[in-house]
Amino acid sequence: MQGRHEIKHSISLTDYYVLRQRLRAVLKQDKHVGPTGCYMIRSLYFDSYDDRALKEKLDGVRDRDKYRIRFYNNNTSVIHLEKKSKRVDIGFKQSASLTSNECQRIVNNDFEWMKDHDHPLVRELYRGMKNDGLRPKTIVDYTRDPFTYPAGNVRVTLDHHIRSGLRCTDFLNPDCVTIPVAPDVIILEVKWDNFLPDIVRQIVQVEDTRATAFSKYAICRVFE
């Protein structure tokens, strides 16, 4: 499994508009974006009874895992279970497709069926729910401006309008109420494989910023 380098920066709204114009001039927009150049993401994050994933993130643990379910642009016909892993400074992601019925059963804590699922990641989440008490914790919504660059397999994203479902885990319900959190925060993420091309490195340089460990999941949990 190929690991990916990743850096994150929290940037200002002014920097966002300037950077978005730079990126549009050189990089390609993701093929899934609409006319606005962005798409909506809804994620449902899992954690243990003692909030292990949240505590590891806040404590800066370098080797950690987290599970989430995700869909895009309110399209529940394509849903993915994802496992994000961090090993020192390298990120890894595994993914498995779920039907809307399977997703709803997980939300309802009906998970015994998962132990015989065809995909190993679904079976792994089952063991986490059975043995470690993993449960859906909160919904995280946000808008993403995504860009790609072929050399280095680079992906640059600008995430904004972050919203929290608080304690709501009714993931497939379009009427689930979410509230804005960190309204002034915009997250620049840069991911690449073996090298980051100089042209991209120069474009994403923003004055008076530094790498940050900002977590959309963590900030949404703060507002519970």
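**Loops, cysteines and salt bridges in a predicted model**

Q: Where in the chain does Thr 36 lie?
A: We're looking at a predicted model here. Strand β2 covers 28-29 and strand β3 covers 39-47. Thr 36 belongs to neither strand and sits in the loop between β2 and β3.

Q: Is Thr 36 buried or exposed?
A: The relative accessible area of Thr 36 comes to 53%. The cut-off for calling a residue exposed is over 50%. So Thr 36 counts as exposed.

Q: What separation do the C-alpha atoms of Thr 36 and Phe 147 have?
A: Along the chain, Thr 36 and Phe 147 are 111 residues apart. In space, their C-alpha atoms are separated by 13 Å.

Q: Which helix has the highest confidence, and which the lowest?
A: Overall, the protein chain averages a pLDDT of 91, with 96% of the residues at 70 or above. Confidence peaks in helix α4 (residues 120-131), at a mean of 97. At the other end, the mean drops to 86 in residues 216-222, which make up helix α6.

Q: Which cysteines form a disulfide?
A: The rule asks for two cysteine sulfur atoms within 2.5 Å, and the count comes to one disulfide. The sulfur atoms of that pair are 2.5 Å apart, and they belong to Cys 168 and Cys 176.

Q: How do Cys 168 and Cys 176 compare in relative accessible area?
A: Buried means under 20%. Cys 176, at 9%, is therefore buried. Cys 168 is partly exposed, with a value of 25%.

Q: Why is there no bond from Cys 103 to the closest cysteine sulfur?
A: Cys 103 is buried, at 0% relative accessible area. Its closest cysteine sulfur is in Cys 168. A bond is ruled out because that sulfur is too far off, at 12 Å.

Q: What is the closest cysteine sulfur to that of Cys 220, and why is there no bond?
A: Cys 220 is buried, with 0% relative accessibility. The gap from its sulfur to the closest one is 12 Å, so it is too far for a bond. The residue holding that closest sulfur is Cys 176.

Q: Which residue meets Arg 4 in a salt bridge?
A: The structure holds 22 salt bridges. In one of them, the side chain of Arg 4 has an N to O distance of 2.9 Å to its partner, Asp 193. The pair links distant parts of the chain, 189 residues apart: Arg 4 is in strand β1, and the loop between β10 and α5 holds Asp 193.

Q: Are Arg 4 and Asp 193 buried or exposed?
A: The cut-off for buried is under 20%. Arg 4 has 18% and Asp 193 has 15%. Arg 4 is therefore buried, and Asp 193 is likewise buried.

Q: Which strands does the salt bridge between Arg 42 and Asp 141 link?
A: The N to O distance for Arg 42 and Asp 141 is 2.8 Å. The two residues are 99 apart along the chain, and they link strand β3, which holds Arg 42, to strand β7, which holds Asp 141. As for exposure, both Arg 42 and Asp 141 are buried.

Q: How far apart are the closest N and O atoms of Lys 115 and Glu 112?
A: Lys 115 is partly exposed, at 41%. Glu 112 is also partly exposed, at 33%. A salt bridge needs the nitrogen within 4 Å of the oxygen, and for Lys 115 and Glu 112 the distance is 3.7 Å.

Note on methods: Residues are numbered from 1 along each chain as its sequence is written. This is a predicted model: local features need pLDDT of at least 70, side-chain atom pairs count only at pLDDT 80 or more; totals for chains, interfaces and linings use all residues. Side-chain values use heavy atoms; hydrogens and water are left out. pLDDT is the predictor's confidence in each residue, from 0 to 100. Helices (H or I, at least four residues) and strands (E, at least two) are DSSP runs, numbered from the N terminus. Buried means under 20% relative accessible area, exposed over 50%, partly exposed in between (1.4 Å probe, protein chains only).
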